[in-house]
Amino acid sequence: MPDAVKTAKENYGSIKAKAKYAAASKAAADYTRSEYLPNLNLSAQWDYGTVNGQIGPAYGFGGLGVASSGLPSASQNWRAAFGAIYLTNVNWDFFAFGRVKQKIKTSESIAVRDEKDLEQEIFQHTIKVSAAYLNLLVAQKLRASLEKNLERAQAIGLVVTTRARTGLVPGVDSSLANAEISNARIAITRALDFEQERSNQLSVLMGVAPETLTLDSLFVTSIPVGLQTPAGQVNDTHPTLQYYKSRIRVSEQQRQYLKTFYYPTFSMVGVFQTRGSGFGSAYAANPTDYTHSILTGFNPVRSNFLFGLGVTWNLTQPLRYAHQVKSQDLISRALLDEYQLAAQQLDAQAVLAETKIKNALDNYREAPLQVKAASDAYLQKTVMYRNGLANLVDLNQTLYALIRAETDRDIANNNVWQALLLKAAASGDYSVFENAF
């Protein structure tokens with residue numbers, strides 16, 4: 001079973017997907033931390049065009065305005081030259097009442113949530129694989145019991161046929177015996193179908209192609225050790241509850257982040273600009289003072305710098321974000337309700353597991369007695385039938401009782417393991433089951 005669980009953890013698609021989601025969330029948290037760094041932009045621009053200017057208002061909607069600058073002229077002209085702009089710009093929102101810090105916390109809590117989601121997925125899948133393993137083992141054991149039953153039916157059929165030929169029993173007994181043999185074969189076929197279904201289920205959970213699996217018979221030949229040691233009570237360390245708590249933390253961090261938009265943002269800006277132009281300084285008085293030389297136009301000759309502090313505050317933003325904060329608060333309360341429901345379900349599951357362990361142990365102790373009594377009855381009726389003291393119907397009834405007793409015995413051990421697995425699932429500690437091997 002440990003090998004099956006290990007293979008499932010490595011191959012199952014859902015686990016691999018959630019591992020990638022968790023890694024993506026960590027990368028997103030790293031990106032959010034880097035957002036606090038100031039924006040540093042470098043720009044270089046080379047142009048060729050005219051510089052006709054005109055006195056009048058203008059606004060470049062959507063950034064589509066052309067920044068041509070020059071003295072207003074009496075008429076349009078098409079004198080053009082090369083020009084260039086070299087720019088360095090720093091822009092930093094250095095204080096926004098904890099907005100960036102809260103955004104980082106939100107991203108980190110999302111990363112933690114996805115990590116907890118991965119952990120609870122691994123835990124739940126481990127339980128599923130273990131349960132599927134036990135179910136397949138029971139199916140294999142039941143199929144083996146039915147094969148043994150077929151051998152008994154064939155042995156009885158041989159005795160009945162021999163006695164019918166000598167006239168010691170009616171011929172109809174031979175037909176009834178053959179019917180029982182056919183019924184035993186049909187039961188094996190059904191058991192094989194059931195076994196194949198359980199085998200395919202386990203293969204899918206392990207993430208491997210369907211194949212014939214050889215399982216450990218420990219789980220049908222013995223019971224767990226240390227059953228008298230109670231499992232830990234359901235608490236906040238349960239992987240499922242940890243995941244639900246992480247969801248609540250994400251929602252709370254998002255609510256705190258939204259509240260930071262109530263306040264203004266303080267910014268710092270720095271600009272250094274160098275320009276080159278093919279138009280000379282006397283162009284206003286002498287329209288011929290320009291050149292088509294690219295080197296002259298691209299050579300920087302004038303520079304400017306600017307430093308500034310600014311604050312922006314949209315006074316209507318608190319009114320809008322108040323509704324989002326309220327919405328997020330309701331989401332947090334809803335997530336808390338889901339957490340409490342999950343905790344209640346796990347508590348109920350823990351109680352149920354204890355009851356199932358007790359009942360499974362009672363059945364485990366009772367099963368050998370049932371098999372012994374059924375075996376004795378079957379042996380007695382077999383001897384009586386061979387001596388003409390019992391009929392075939394009575395013999396078949398003891399055979400059915402023996403089959404039922406052996407079936408109960410085969411699954412009695414397994415049911416104890418199943419109950420212990422349920423207890424491990426409820427407590428959130430797989431070692432409760434694993435340490436009982």
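UniProt positions are given in the numbering used here, and its annotations may be inferred rather than shown by experiment. The views below show a predicted model.

**View 1. The segment recorded by UniProt as a coiled-coil region.** An unreviewed UniProt entry places the feature "coiled-coil region" at residues 336-363. In the predicted model, the chain over residues 336-363 is 100% helix and 0% strand. The C-alpha atoms at the two ends of this segment are 40 Å apart.

**View 2. The largest nonpolar core.** This core has 33 residues. Those with the most contacts inside it are Met-1, Leu-202, Phe-219, Tyr-430 and Phe-433. Two or more residues come from each of α1 (2-11), α3 (99-165), α4 (171-206), α5 (218-221), α8 (317-386) and α9 (392-427). The greatest contribution is that of α3, which gives eight residues. In soluble globular proteins, nonpolar side chains tend to be buried together.

**View 3. The surroundings of Phe-219.** Residues up to four places away in sequence are not counted here. Phe-219 touches Met-1, Tyr-133, Leu-134 and Leu-137. Its other contacts are Asn-413, Asn-414, Trp-417, Phe-433 and Phe-437.

**View 4. A second nonpolar core.** Separate from the largest core, this one has 15 residues. Among them are Val-159, Val-160, Leu-392 and Leu-402.

**View 5. The second largest pocket.** This pocket holds about 320 Å³ of space and is lined by 15 residues. Glu-35, Tyr-36, Leu-37, Asp-93 and Val-100 lie nearest its centre. The elements β2 (80-95) and α3 each give two or more residues to the lining. By type, the lining comprises seven nonpolar, four polar and four charged residues.

How values were computed. Residues numbered from 1 in each chain as written. Predicted model: local features only at pLDDT ≥ 70, side-chain atom pairs only at ≥ 80, totals over all residues. Heavy atoms only, no water. Core = buried A, V, L, I, M, F, W, Y, C linked by side-chain atoms within 4.5 Å. Buried < 20%, exposed > 50% of the residue type's maximum accessible area, 1.4 Å probe, protein only. Helix = DSSP H or I, 4+ residues; strand = E, 2+ residues; numbered from the N terminus. Contact = heavy atoms within 4.5 Å. 1 Å grid on protein atoms, 1.4 Å probe; cavity = no way out; pocket = protein on both sides within 12 Å on 5 of 7 lines; lining within 4 Å. Points joined across faces, edges and corners; volume = space filled by probe spheres on them. Nonpolar A, V, L, I, M, F, W, Y, C, P; charged D, E, K, R; others polar.
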